[in-house]
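Dear colleague,

I am handing over the structure below for your records. A short account of the findings follows it.

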Amino acid sequence: MTCKFCEKPALIYIRYANIALCREHFIQFFEKRVKRTIERFKMISPGENIGVAVSGGKDSLTLLHVLYSLSKLMDFKLIGFTINLGIRKYSEECVKIALENFRKLKLEYRIINLRDYGFTIDDIVQYKISKRVCGICGTVKRYVLNKVAREENIDRLATGHNLDDFLQVVLQGYIHGDLNYLSKYFPVTSSRDKLISRIKPLVFTPEEEIEKYAMIKGIDYCMKKCPYSFQASSHTLKKAILLIEENHPGIRFSMFNTYIKKIYPLINAKYSEKLELSECSRCGEPSRKNICLFCRVKTRIKSIKSGTIIN
Ligand code: SF4
Ligand code: ZN
Ligand code: ZN
């Protein structure tokens, strides 16, 4: 098979568009779509400081490389952020790879050590703080990234959520009827109070194309799986989405656009209560409760470790 746009051999066949592309034209196709996504949702304005949350996995590192390619064209500055979550035999490897990528691109970066905040994700498992490790881990990452990004004067924080991730969350919200959550679930959120704006530039990019882009561009990413990833509930829903896609190529884009154009505006208008975010009385970070979840987890682990409470 040859490329649709030149005579070179095709490296990828894109089924939903019925096109085969060579290396160069696939990279162009891929980056152009990310650029259009950024423009469509007004994710970045010229001159802004964009923080990229890099876990070390393929999505976040692909995001880093694409944003790097677009940063000159669209006139914004990039800074990389990576958290060492303290997950044995996993975090060290992820941080090492993230660091190599930051250095390769000569980017400014910050490595945040969760241990410096008083605990690690391994502690949460070891001391049985919650059965929902991924839930707590997600909150911890959001808390730390928001705090550090604000301290570094970042305008927006970019994360590597792709099209499949986005649809999976929408489906999960639908299954559980969590309309309050969905009323705020959008590819871009604006800054308010102490919360930094968040953007998902890969939200219109299917997962398998991210893998292909990373491979073609020779992006080194962490192949290891988090030992707690089996706890994530996302796998079954993602498989279901892929199964529908196999039978109806392109349906993921329709699902996404229907949500953005028809469902989200309705839910947002009806359910998005203007919940006042107050500040945690201990750390001063945004929180709906008097003491934020991060501080509660931290205090509990500290008490268990010091023997003040028995788990
Ligand atoms: Fe955290 Fe779960 Fe992801 Fe592991 S799989 S890094 S515990 S969210
Ligand atoms: Zn070509
Ligand atoms: Zn707090």
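At what angle do the axes of helix α6 (residues 163–176) and helix α9 (residues 234–247) cross, and within what distance do they come? In this predicted model, the two axes cross at roughly 110 degrees and come within 9 Å. Angles of 65 to 115 degrees count as roughly perpendicular, and α6 and α9 are therefore roughly perpendicular to each other. On the α6 side, the contact is formed by D164, D165, L167, Q168, L171, Q172 and I175. On the α9 side, S234, L237, K238, I241 and L242 take part. Sorted by class, the residues of this contact are six nonpolar, three polar and three charged.

A second helix pair has another geometry. Helix α2 (residues 58–74) packs with helix α3 (residues 91–104) at an angle of about 5 degrees, and their axes are 11 Å apart. These two helices are therefore roughly parallel to each other. Here L61, L64 and H65 of α2 meet I97, N101 and F102 of α3. Four of the residues in the contact of α2 with α3 are nonpolar and two are polar, with no charged residue among them.

I turn next to the zinc sites. The zinc ion (ligand 2) has as its protein donors C3 (SG), C6 (SG), C22 (SG) and H25 (ND1), at 2.1 to 2.4 Å. Along the chain these donors follow the spacing C-x2-C-x15-C-x2-H. The arrangement is tetrahedral, because the four donor atoms subtend angles of 102 to 117 degrees around the zinc ion (ligand 2). Of these donors, C6 lies in the segment before β1 (12–14) and C22 in the loop between β2 (19–21) and α1 (23–40), so the pair ties together parts that are 16 residues apart in sequence. Both C6 and C22 are buried.

The zinc ion (ligand 3) has the protein donors C280 (SG), C283 (SG), C292 (SG) and C295 (SG), which lie 2.2 to 2.3 Å from it. Their spacing in sequence is C-x2-C-x8-C-x2-C. Angles of 105 to 114 degrees between the four donor atoms make this arrangement tetrahedral. C283 is in the loop between β9 (278–279) and β10 (286–287), while C295 is in helix α11 (residues 293–306), so this pair ties together parts that are twelve residues apart in sequence. C283 counts as partly exposed because its relative accessibility is 26%, whereas C295, at 7%, counts as buried.

With kind regards

Terms used:
Residues are numbered from 1 along each chain as its sequence is written. Chains are lettered from A and ligands numbered from 1 in the order in which they are written. This is a predicted model: local features need pLDDT of at least 70, side-chain atom pairs count only at pLDDT 80 or more; totals for chains, interfaces and linings use all residues. Side-chain values use heavy atoms; hydrogens and water are left out. Donors are N, O and S atoms within 2.8 Å of the metal (3.2 Å for Na, K and Ca); water is not among the atoms, so sites may look incomplete. Four donors count as tetrahedral if all angles lie between 85 and 135 degrees; four count as square planar and six as octahedral if opposite donors are over 155 degrees apart and all others between 65 and 115; anything else is irregular. Helices (H or I, at least four residues) and strands (E, at least two) are DSSP runs, numbered from the N terminus. Buried means under 20% relative accessible area, exposed over 50%, partly exposed in between (1.4 Å probe, protein chains only). Axes are lines fitted to C-alpha atoms, for helices over the stretch in contact, and angles run from 0 to 180 degrees between N-to-C directions. Angles under 35 degrees count as roughly parallel, over 145 as roughly antiparallel, 65 to 115 as roughly perpendicular and the rest as oblique. Contact means heavy atoms within 4.5 Å. Ala, Val, Leu, Ile, Met, Phe, Trp, Tyr, Cys and Pro count as nonpolar, Asp, Glu, Lys and Arg as charged, and the others, Gly among them, as polar.
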